[in-house]
Amino acid sequence: MQSATRNPFVNRMTLAALICLLGSCVTPGEQAKTKSPQIKNIIMLIGDGMGPQQVGLLLSYARQAPHGVLSERNTAVDRIMQRGRLGIVLPHPADSLVTDSASAATQLASGQFSRPELLGVDQHGDRVVNIVERAKQLGKATGLVSDTRITHATPAAFAAHQSHRSQENDIAEDLLATAPDVMLSAGYGYWIPKDLQADHSASMESLRQANGADKLESKRTDNKNLLSAAERQGYRLAFNREQLASAQGKVLGLFAPLEMPDGIMEKQTKDDPTRTIPTLREMTAEVLKRLETRPQGFFVMIEAGQIDWASHHNDTGLLLHEMLKFNETLNYVLDWAAQRDDTLIMVTADHETGGFGFSYSSANIPPAISLPGKAFAGKAPYRPKVNYGNPEVLDRLYAQRLSYHELFKRFNVLPKERQTPDELMTLVNAHTEFKISRSQAETILTTEANPLYREGQADKIAKLIPKMPVNSAFFPYAPDNRENLLAQAVASDQSVVWASGTHTSTPVYLFTQGPGDMTVDFAKVLHQTQVGQLAIKALE
Ligand code: MG
Ligand code: ZN
């Protein structure tokens, strides 16, 4: 009879245990396991523009808002970190420091380097295989969900291949060619023919019935009806919550002409029984309900895309609501996955937007307070030299009732003679807790000559644009810059700074949760292309 120490099996196990103790569980002759053989599904949740700073806003709100709405001050980020792991992702594209959503989503979807504004093609301009196409080859079901629109860069990069992200007419056709089983978002404007009156197909009649004929506007430059094309491919169409709930099989759900409601609007209408547009959480529930029954499993990408839009506009109150929308959606995904060990959940961002942060300032320095500690015995009361930010700001941000974008939409439709500083001040102060003065409103409405304007050129380029006091080159979306100026007007009151109206190169988080040790490889400093490669590998 062999002694225990001479048993080669026991020896190997002892050695393995020793290596485990040293921090890496590798049995001799065997590579570290990178995935569990049971992995069936991948849910990838992308917060567009959701850098560590944006995640930080959610966490600050959860922990510090005096009247925070999150139960037990807990977030979905806390939850995923209980079972999951954290990695750090560099999002740069080929030959540039900063990325956009098209190249970033292309890199995440394919594992290949791309370039800014390219969609579903690599850095040389060649078509890449994306994870949706790969999943289909493997017999898996696929889904794309976004709270922007389905032809927008992030969802589009998971199914389309175009030389520019703006080619949304062609992107819609690409989406049908790739044909994910479920597509839920907004943007039917890109799916309906230019000449709307001439089209009396069943799909158009159904859309007219759901949305009102007068509200339809086509963004197409041809007369293709891609809704009917989708029906011919076996898709059921859904234009409202009711139709979505009853649609079986493959579903194309388009719930608004150009974009889903923003986070503030979504929150305000959530309990309205007549609401027709699903929330991001509801779309997530619908896609999982449909795909979870598929025997080979599925890949789904869910985008919280308006985090980016709020951040471009430097609209901190809206950003908070977008982060709460993301939180609610991830909570749903975590609940769904709680009893499963066959699903990899990946939560990341394509990049950070705006260079956001709370910051201390010389404005509104709070009065001295007396601290009971012995260090202050016989000394002057405690008074920091600057204002480190009052957590009450978080409650006041939450109380914002209209996004900056919607505020200016309302302002812009006023008759020209009423577009005055007084009107702007009244509008802003009625819908936000961070009030502006008349002179601040005046500054926001100050214009200067647009350097891009040329006499006789396309009339879409405005002659005058909002005057940006500093770094105007980082605010290239001129017509919307008044929103950024409004943010600057309330910055010190909010204890908030925004560095830019565009994206930054900040590395972003990657949270993963999955069975066994399969998430170990994701808990590193990775480039976005490596994340894409790991995702595809996990699926295979
Ligand atoms: Mg996006
Ligand atoms: Zn962006």
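# Reading the sheet, the metal sites and the helices

Author: In this predicted model, an open sheet of 10 strands follows the order 5-6-4-3-7-1-8-15-2-16, with mixed pairing. Its edges are strand 5 (236-238) and strand 16 (525-527), each of which pairs on one side only, and the twist from one strand to the next averages 15°.

Reader: How should I read the pairing around strand 1, and which strands does it join in the parallel sense?

Author: The general idea is that strands of a sheet pair through backbone hydrogen bonds, either parallel or antiparallel. Here strand 1 (residues 41-47) pairs with strand 8 (residues 343-349) in the parallel sense over 7 bridges, while 6 bridges join strand 1 to strand 7, again running parallel. Ile-46 illustrates both pairings, since its bridge partner in strand 7 is Glu-303 and its bridge partner in strand 8 is Thr-348. Ile-42, for its part, stands opposite Leu-344 in strand 8.

Reader: What lies beyond these pairings, and in which sense does strand 8 run against strand 15?

Author: Strand 8 and strand 15 (residues 508-513) run antiparallel and are joined by 4 bridges, with Ile-345 standing opposite Gln-513 in strand 15. Strand 7, in turn, pairs with strand 3 (residues 141-146) in the parallel sense over 6 bridges, and there Ala-141 has Phe-298 of strand 7 as its bridge partner.

Reader: Are the residues of strand 7 buried or exposed?

Author: A strand has two faces to examine, and in strand 7 both are covered: Phe-298, Val-300, Ile-302 and Ala-304 are buried on one side, and Phe-299, Met-301 and Glu-303 are buried on the other. Because 7 of the 7 residues of strand 7 are buried, this strand is largely enclosed by the rest of the structure. The reading of strand 8 follows a similar course, for 7 of its 7 residues are buried, so strand 8 is largely enclosed by the rest of the structure. On one side of strand 8 the buried residues are Thr-343, Ile-345, Val-347 and Ala-349, and on the other they are Leu-344, Met-346 and Thr-348.

Reader: Which residues coordinate the magnesium ion (ligand 1)?

Author: One reads a metal site by its donor atoms, and then by where the donor residues sit in the chain. The magnesium ion (ligand 1) is coordinated by Asp-48 (OD), Thr-154 (OG1) and Glu-303 (OE), at 2.0 to 2.2 Å, and in sequence these donor residues are spaced D-x105-T-x148-E. Distant parts of the chain are linked by the pair of Thr-154 in helix 6 (residues 153-157) and Glu-303 in strand 7 (residues 298-304), which are 149 residues apart. Thr-154 is buried, with a relative accessible area of 0%, and Glu-303 also counts as buried at 0% relative accessibility.

Reader: How do I read the geometry at the zinc ion (ligand 2), and what angles occur among its 4 donor atoms?

Author: As a reference, ideal angles at a metal are 109.5 degrees for four tetrahedral donors. The angles among the 4 donor atoms of the zinc ion (ligand 2) are 57 to 155°, and the site is irregular. Its protein donors are Asp-308 (OD), listed twice, His-312 (NE2) and His-503 (NE2), lying 2.1 to 2.3 Å from the ion, and the donor residues are spaced D-x3-H-x190-H in sequence. Asp-308 and His-312 both lie in helix 13 (residues 306-312), 4 residues apart, which is about one turn of the helix, and both of these residues are buried.

Reader: Where is Asn-314 placed, and what is notable about its backbone?

Author: Asn-314 is in the loop between helix 13 and helix 14, and it has a positive phi of about 60° although it is not a glycine. Asn-314 is buried, with a relative accessible area of 2%. Asn-364 likewise is not a glycine and has a positive phi, of about 50°, and it is found in the loop between strand 10 (356-358) and helix 15 (392-398).

Reader: At what angle do the axes of helix 2 and helix 14 cross?

Author: A helix pair is described by how its axes approach and cross. The axes of helix 2 (residues 52-64) and helix 14 (residues 316-337) come within 9 Å and cross at roughly 85°, which means that helix 2 is roughly perpendicular to helix 14. Among the residues that meet are Leu-57, Leu-58 and Tyr-61 in helix 2 and Leu-320, Met-323 and Leu-324 in helix 14.

Definitions and conventions
Residues are numbered from 1 along each chain as its sequence is written. Chains are lettered from A and ligands numbered from 1 in the order in which they are written. This is a predicted model: local features need pLDDT of at least 70, side-chain atom pairs count only at pLDDT 80 or more; totals for chains, interfaces and linings use all residues. Side-chain values use heavy atoms; hydrogens and water are left out. Two strands pair if DSSP finds at least two bridges between them. Axes are lines fitted to C-alpha atoms, for helices over the stretch in contact, and angles run from 0 to 180 degrees between N-to-C directions. Donors are N, O and S atoms within 2.8 Å of the metal (3.2 Å for Na, K and Ca); water is not among the atoms, so sites may look incomplete. Four donors count as tetrahedral if all angles lie between 85 and 135 degrees; four count as square planar and six as octahedral if opposite donors are over 155 degrees apart and all others between 65 and 115; anything else is irregular. Buried means under 20% relative accessible area, exposed over 50%, partly exposed in between (1.4 Å probe, protein chains only). Angles under 35 degrees count as roughly parallel, over 145 as roughly antiparallel, 65 to 115 as roughly perpendicular and the rest as oblique. Contact means heavy atoms within 4.5 Å.
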